[in-house]
Amino acid sequence: MIELRGVDKWYGQHQVLKQCSTRVGKGEIVVVCGPSGSGKSTLIKTVNALEPFQKGDIVIDGTSLSAKGTDLPKLRTRVGMVFQHFELFPHLDVTRNLTLAQQIVLGRDIEAARAKARDLLDRVGLSAHAHKFPGQLSGGQQQRVAIARALSMDPMAMLFDEPTSALDPEMVNEVLDVMVQLAREGMTMMVVTHEMGFARRVAHRIVFMEDGAIIEDSPTGTFFQGATSPSAKRFLSKILPH
Ligand code: ADP
Ligand code: MG
């Protein structure tokens, strides 16, 4: 579904992605982890064509991001993205946050868009909040709305960039539970997170990045039992005791 082939990216002189290659099969869950500044956000943004790259290629469901003529905005609508900060429209209620792009981008009529919104709010446990504004919801609830909004576009894959990092601890699980449910339903997912319990439970593979390079790409069990690189071992020893 998603394939990165030797992706290089520079910001000016600074190389932030170095020969990054990996693939995420249909229905596969891949967790991306690594120290701050290692390039995780950049990597995930290049997959959604929010950031250009200079070398290599990324292929999404058979479509090359670097090929001439690829409609990047259209492709972007097919890949859902959830950020650390929810980025909901503050002046629109929850339902409108979920119907707007369905109408404008997908051309759905308002009744169909509302029906979809109702269904998704039910799935993320927020039916009772359909007419509230984002500012009236907790961080965990807002992030679940953001996930529902991404799902309203019927994405073929979902990308998450530290979706729980900005949340108070008591709200982390309600968001992870929605993600676990999505994973169980067979969604293809690439998730940047430090939630190693979640990774262990649902990820098929773990990608570990350091200094712009993917230095481990292993099945989850292998990664937790015996990460081979010293830096991955160091990372795990810092993160797991907590
Ligand atoms: P991570 O998500 O793993 O913390 P990032 O992908 O955010 O890492 O950043 C990787 C590197 O790219 C860092 O050195 C960061 O300073 C740099 N970087 C990120 N965004 C920009 C930008 N817009 N301009 C220049 N450098 C950037
Ligand atoms: Mg980041």
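Me: Which element gives the largest share of the shell around ligand 1?

Reply: In this predicted model, the largest share comes from α1, with three residues. The elements that give two or more residues to that shell are β2 (14–24) and α1 (40–47).

Me: What makes Lys40 count as one of the residues around ligand 1?

Reply: A residue is near a molecule if one of its heavy atoms lies within 4 Å of it. Lys40 is listed among the residues around ligand 1, as are Tyr11, Val16 and Pro35.

Me: Why is the pair formed by threonine 42 and ligand 1 called a polar contact?

Reply: A polar side-chain atom of threonine 42 lies 2.5 Å from an oxygen atom of the ligand. The cut-off for N or O atoms is 3.5 Å, so this pair is a polar contact.

Me: How do you know that histidine 14 also makes a polar contact with ligand 1?

Reply: An N or O atom in the side chain of histidine 14 is 3.3 Å from an oxygen atom of ligand 1. That value is within 3.5 Å, and therefore the pair qualifies.

Me: Why are β1 and β4 said to pair?

Reply: Two strands pair if there are at least two bridges between them. Five bridges join β1 (residues 2–11) to β4 (residues 55–60), so the two strands pair, and they run antiparallel. One bridge partner in β4 is lysine 55, which is matched with aspartate 8.

Me: What makes β2 and β5 edge strands?

Reply: The open sheet has four strands in the order β2-β1-β4-β5. β2 and β5 (63–64) each pair on one side only.

Note on methods:
Residues numbered from 1 in each chain as written. Chains lettered and ligands numbered in written order. Predicted model: local features only at pLDDT ≥ 70, side-chain atom pairs only at ≥ 80, totals over all residues. Heavy atoms only, no water. Polar contact = N/O pair within 3.5 Å; in protein donor to acceptor, adjacent residues only side chain to side chain.
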